[in-house]
Amino acid sequence: LASQLRAVNQHLPYLQMLVTFSALILNNYFNRDLYYRLQEQEKRLQETRIQLMISQIQPHFMCNVLNTIYSLCDVSVSRAQYAIDEFSQSLRVNLEVLDDPGLVPIDRELECLEHYLILEKMRYGEDLTITYDISPCRFFLPPLTLQPIVENAGRHCLGKKTEGGTVKIKV
């Protein structure tokens, strides 16, 4: 376009440069717009993955806890009541965490995990030992990230051992 306009009018020596510069600006604008749209899609995809993971964890966890409480009802009413209280606190903390769609502080995630582990300890009894090695730190992660890792350790490692085992939480 600039070459044709310059052929018609020789008084526009910088027209080629101006048209090229304008094209670069437009290209930059469209690429930036595309970049932001891709970032937004990536964010929505990550949130969807997190929600899917959470939707799979919660029912499995609830069934295990309710089965534990059911079996405790015949053994010790006070332990069953304690389990119900821990389960209630666990649900409350998890719901609070899930209300915030973004990342959660590691301290909050460890609080969720602690309630979960108390309930797992009630389920496995002396077969499960839990140790903590937590250094002061501040970082964020998706909600309920630690629970499935620990749950899998319990199910696939401790569940297969007749002598039990130890879950060590180290951050």
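A search of the whole structure, a predicted model, returned 1 cavity of 30 Å³ or more. The space in the largest cavity amounts to about 50 Å³. Its lining comprises 10 residues, of which E120, L128, V150, G154 and V167 lie closest to the centre. Two helices, α4 (106-124) and α5 (146-156), each contribute at least two lining residues. The greatest share comes from α4, which supplies 4 residues. By class, the lining of this cavity consists of 7 nonpolar, 2 charged and 1 polar residues.

Helix α3 was examined for length and burial. This helix covers residues 77-99, a run of 23 residues. At 1.5 Å a residue, α3 should span 33 Å. The C-alpha atoms at its ends are 33 Å apart, so the expected and computed spans agree. Several positions of α3 are buried: A80, A83, E86, F87, S90, V93, N94 and V97.

Aromatic contacts were searched for across the whole structure, and 2 pairs were found. One of them joins Y29 and F30 in an edge-to-face arrangement. The ring centres of Y29 and F30 are 5.5 Å apart, and the planes meet at 65°. This angle is classed as edge-to-face because it lies over the cut-off of 60 degrees. The relative accessibility of Y29 is 44%. Y29 therefore counts as partly exposed, a class that lies between the buried limit of 20% and the exposed limit of 50%.

Technical notes: Residues are numbered from 1 along each chain as its sequence is written. This is a predicted model: local features need pLDDT of at least 70, side-chain atom pairs count only at pLDDT 80 or more; totals for chains, interfaces and linings use all residues. Side-chain values use heavy atoms; hydrogens and water are left out. The expected span of a helix is 1.5 Å times one less than its number of residues. Buried means under 20% relative accessible area, exposed over 50%, partly exposed in between (1.4 Å probe, protein chains only). On a 1 Å grid over the protein atoms alone, a cavity is a set of points where a 1.4 Å probe fits but cannot get out, and a pocket is an open set with protein on both sides within 12 Å along at least five of seven lines; lining residues have an atom within 4 Å of a point. Grid points are joined across faces, edges and corners, and a volume is the space filled by probe spheres set on the points. Ala, Val, Leu, Ile, Met, Phe, Trp, Tyr, Cys and Pro count as nonpolar, Asp, Glu, Lys and Arg as charged, and the others, Gly among them, as polar. Rings of Phe, Tyr and Trp (its six-membered ring) pair if their centres lie within 6.5 Å; planes under 30 degrees apart count as stacked, over 60 as edge-to-face and the rest as tilted.
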